[in-house]
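Reader: I have a model open and would like to go through it with you, piece by piece. Could you start with the aromatic side chains and then move on from there?

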Amino acid sequence: MQAGIKEFKRVILVYNRNSGTQFFSSMATKITEISGALKHLSGACNAELCIIDSFPQVDEIAEKAFRDKADWVIIAGGDGTIRAMIEKMSDRGYFPYISIFPAGTVNLVGKELDISSNTSYWLESVKTGNVVSVYTGRTNGSLFLTVTGIGFDSLVVENVSETEKKVFNKLAYAWEGMDMVRREMLLGNWRYRFKVRFDNEETWHEAVSVIVGKSRYYAGIYCLFKDASISEPILHAALFKGSGRSDFMRYAAAIAKGNLDDVGNIMIKKAREIEICCNEKNFPAELDGDAVEEAPLKIKLVEEPLKFIV
């Protein structure tokens, strides 16, 4: 499917200049270049650059795009910015064509769709108007595009501050993960327990950590679910069952290798709806790298796909 982008009457470029590690980057220069190209393509009066300085502005910009009836919304930021912007637009029943420009700490959506952060390559690609379907999910009503989960990884995400992400990038998660093992498993096994049910089946499965993916990639570089795709309407779940230090070491090694199938105590299952309960109240869940929900969880696939210009 091709979109006639030259016929679009309103184009909005949304840029979160707080995304990623940008102290020494040329990201602002790249955004200026893209903004200029969009004005040339659609007309100076039809293309607008909107800057995000704080997350409350996401809702304001989504409302502006909705009021303006923008045909095409381009989001320059990390997965958290992309998730939040699309969620705010979708909550309004507003579904424009969407493009993304990777500009964050982690860009799983960009990696999944093979989107370049080189402005020249990016512009040449989107000018073709090539459209792909992108299926999303909802966790307790909150939207996610690539991954949601609860357990070890979501507790790490919860404890990494925005400053740490910005300064230390992906290393912040690695350091917090090691510190988490020290704090939580110094004198015994991992104490958190989850019960998981798929597609309203009667059977509940036990787990100590759960990752649900909409795409292949996890934590930036790891290929967790080999046959998953952001363009396919299915959820992929990994249930980690062993609670000892040695179990967690095997899990980490399996994730690093991108092969969960050969490790015991890991259950892999596909579904369209997933329910998760926890033995701990208010345990945080992560969506696309942000801790924005809490257990118990109801995870559902959204049936209608979004239209991404890539």
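Author: Gladly, and please keep in mind that this is a predicted model. One aromatic cluster is made up of Phe152, Trp190, Tyr192, Phe194, Phe240, Phe248, Tyr251 and Phe283.

Reader: How many aromatic pairs does the structure hold?

Author: There are twelve aromatic pairs in the structure. One of them joins Phe152 and Trp190, whose ring centres are 5.5 Å apart and whose planes make an angle of 55°, so the pair counts as tilted, given that angles over 60 degrees would be edge-to-face and those under 30 degrees stacked.

Reader: Which parts of the chain does that pair tie together?

Author: Phe152 belongs to helix α6, residues 152-159, while Trp190 is in the loop between α8 (171-184) and β9, so the pair links parts that lie 38 residues apart in sequence.

Reader: And are Phe152 and Trp190 buried or exposed?

Author: Phe152 and Trp190 are both buried.

Reader: Staying with helix α6, what about Ser154, is that one buried or exposed?

Author: Ser154, which is also found in α6, counts as buried because its relative accessibility is 0%, where the limit for that label is under 20%.

Reader: What does its side chain reach?

Author: The Ser154 side chain comes to 2.8 Å from the backbone oxygen of Pro284. If neighbours within four places in sequence are left aside, Ser154 is in contact with Gly149, Phe283, Pro284, Ala285 and Glu286, and Phe283 is also a member of the aromatic cluster.

Reader: Switching to β9, which strands is it joined to, and in what sense?

Author: Strand β9, residues 194-198, pairs with β10, residues 205-207, in the antiparallel sense over three bridges, and five bridges join β9 to β16, residues 273-278, which also runs antiparallel to β9. Lys195 has a bridge partner in each of these strands, namely Glu206 in β10 and Cys277 in β16.

Reader: How many residues lie between β9 and β10?

Author: Six residues lie between β9 and β10, which form a hairpin, and Asp199 in the turn has a positive phi of about 50°. As for β9 itself, the strand is mostly covered, with four of its five residues buried.

Reader: Last topic, then: where do charged ends of lysines sit over rings?

Author: The charged end of Lys111 is placed over the ring of Tyr217, at 4.8 Å from the ring centre, and the charged end of Lys307 lies over the ring of Tyr97, with 4.4 Å to the centre.

Key: Residues numbered from 1 in each chain as written. Predicted model: local features only at pLDDT ≥ 70, side-chain atom pairs only at ≥ 80, totals over all residues. Heavy atoms only, no water. Buried < 20%, exposed > 50% of the residue type's maximum accessible area, 1.4 Å probe, protein only. Helix = DSSP H or I, 4+ residues; strand = E, 2+ residues; numbered from the N terminus. Pairing = 2+ DSSP bridges. Phe/Tyr/Trp six-rings, centres within 6.5 Å; stacked < 30°, edge-to-face > 60°. Lys NZ or Arg CZ within 6 Å of the ring centre and 35° of its normal. Polar contact = N/O pair within 3.5 Å; in protein donor to acceptor, adjacent residues only side chain to side chain. Contact = heavy atoms within 4.5 Å.
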